[in-house]
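Work through the exercises below with the sequence and the structure at hand. Each task is followed by a solution in steps.

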Amino acid sequence: MTPLARKIAELIRIEGAIGLDRYWNLALFDREHGYYAAREPFGRTGDFITAPEISQMFGELIGAWIAAAWREHRSPASFLLAEIGPGRGTLMADMLRTLRSVAPDCLKAAKVRLVETSDRLAAEQMAALDRFDLPIRRVRRIADLEREPLLLVANELFDALAIRQFVFDGETWRERCISVADSGRFEFVLCSARPELPSKIAATLPHPPMAGAVLELSPARETLAATIAQHLAEEGGAGLFIDYGHAATGFGDTLQAIHGHAFADPLDRPGEVDLTSHVDFERVAAPFRHAGLAVSPTVPQGDVLLALGLLERAGALGNKMSEAGREEIGAAVARLAGTGEKEMGILFKVLSASSRPLSLPPFGVADAGLTSP
């Protein structure tokens with residue numbers, strides 16, 4: 001049993017079964033033993049690879065999107081360029097490199113901010129960005145950002161925030177909780193739903209198809225979206241949110257754990273495996289609409305990257321490479337935008353919210369005035 005597992009088991013012994021959201025937050029964010037405090041999750045030597053780690057093209061296209069969004073927001077002389085959950089700093093590095101090349105006026109106006117709760121990851125991010133010689137600042141929360149126009153990017157962020165699961169027993173909804181079995185291992189049990197079960201949400205869904213149907217909700221994701229929405233509504237700007245998930249709320253159990261690039265048991269070795277679930281973009285989008293922002297459709301990642309010029313950028317890079325290099329570029333394009341089961345093009349979705357309407361994808365695929373990096 002891991003040190004964190006012992007800590008959680010003792011908590012359950014004292015308090016009784018705990019909700020999945022509480023287990024999740026301990027497993028990922030416990031300051032001493034949590035996954036993001038103690039492990040290196042990213043890259044080929046970690047547990048998973050994110051789009052910026054697959055190819056520089058991803059960050060270059062997002063950087064071009066930032067430049068175009070800045071112009072469509074009337075080129076403010078000072079604005080916050082922020083990434084929330086910046087990983088190892090790879091995406092921000094590629095965005096900054098692109099802006100320095102194709103939109104130096106935009107970069108000059110930018111105040112670069114990294115929104116990161118982990119001290120260990122924040123140090124790694126700052127080291128990765130040190131070469132840019134820019135006044136880059138780290139903050140822990142969106143609420144800590146200065147009150148200025150904001151252009152925000154979040155890639156694979158919402159999937160890391162905790163969910164709650166409710167199971168329909170044939171008559172009512174019961175909450176899925178975590179307890180300790182007689183064997184000493186963690187197990188799922190069904191508890192009476194906590195008083196804050198959002199029955200109004202369940203009432204808006206079709207009748208559960210059968211006993212055992214699972215409804216996933218994430219107050220944490222919706223709260224974060226509302227915080228971002230408030231900043232954008234009050235100060236202006238836009239956010240670009242990229243994650244895997246579904247466009248409409250529905251039923252299904254999407255909880256999973258990842259270890260060594262393979263699926264693992266979510267209840268085994270807390271603190272040593274990553275926990276994640278599919279993002280419900282319909283519910284994430286709701287706070288942005290409530291704040292009066294322009295909100296894009298939820299669009300597959302592949303469609304957005306292709307609209308931003310992925311193939312053209314791949315061709316430009318490939319022209320300078322050997323045949324082996326071109327094959328590698330082609331494989332990266334397929335991984336980022338392909339429609340296969342192990343590719344990101346359809347499973348990953350893109351959502352944007354803005355204080356003013358934008359012509360940029362995912363709002364639309366018409367000419368957005370992007371400049372290839």
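**Exercise 1.** Decide whether Gln 165 is buried or exposed in this predicted model.

Solution. Start with the relative accessible area of Gln 165, which is 0%. Buried means under 20%, so Gln 165 counts as buried. Next, place the residue in the chain: Gln 165 belongs to strand S6, which covers residues 164-168. Then look at its side chain. The side chain of Gln 165 makes a polar contact of 2.9 Å with that of Glu 216. Another polar contact, of 2.8 Å, links the side chains of Gln 165 and Asp 253.

**Exercise 2.** Find the order of the three strands in the open sheet that contains S11, and state which strands stand at the edges.

Solution. The order is S12-S11-S13, with antiparallel pairing. Strand S12 (262-264) and strand S13 (274-276) each have a single partner strand, so one side of each has no neighbour in the sheet; these two are the edges. On average, neighbouring strands of this sheet are turned by 45° against each other, direction ignored. For the pairing of S11 (residues 256-259) with S12, there are three bridges. In one step along this pairing, His 259 has Ala 262 in S12 as its bridge partner.

**Exercise 3.** Describe the lining of the second largest pocket.

Solution. The pocket has a volume of about 250 Å³. Its lining consists of 13 residues, and Ile 54, Ser 55, Glu 328, Ile 329 and Ala 332 lie nearest the centre. Sorted by class, the lining has seven nonpolar, three polar and three charged residues. Helix H14 (residues 323-337) gives the most, with six residues.

Note on methods:
Residues are numbered from 1 along each chain as its sequence is written. This is a predicted model: local features need pLDDT of at least 70, side-chain atom pairs count only at pLDDT 80 or more; totals for chains, interfaces and linings use all residues. Side-chain values use heavy atoms; hydrogens and water are left out. On a 1 Å grid over the protein atoms alone, a cavity is a set of points where a 1.4 Å probe fits but cannot get out, and a pocket is an open set with protein on both sides within 12 Å along at least five of seven lines; lining residues have an atom within 4 Å of a point. Grid points are joined across faces, edges and corners, and a volume is the space filled by probe spheres set on the points. Helices (H or I, at least four residues) and strands (E, at least two) are DSSP runs, numbered from the N terminus. Ala, Val, Leu, Ile, Met, Phe, Trp, Tyr, Cys and Pro count as nonpolar, Asp, Glu, Lys and Arg as charged, and the others, Gly among them, as polar. Two strands pair if DSSP finds at least two bridges between them. Axes are lines fitted to C-alpha atoms, for helices over the stretch in contact, and angles run from 0 to 180 degrees between N-to-C directions. Buried means under 20% relative accessible area, exposed over 50%, partly exposed in between (1.4 Å probe, protein chains only). A polar contact is a pair of N or O atoms within 3.5 Å; within protein, one must be able to donate a hydrogen and the other to accept it, and residues adjacent in sequence count only if both atoms are side-chain atoms.
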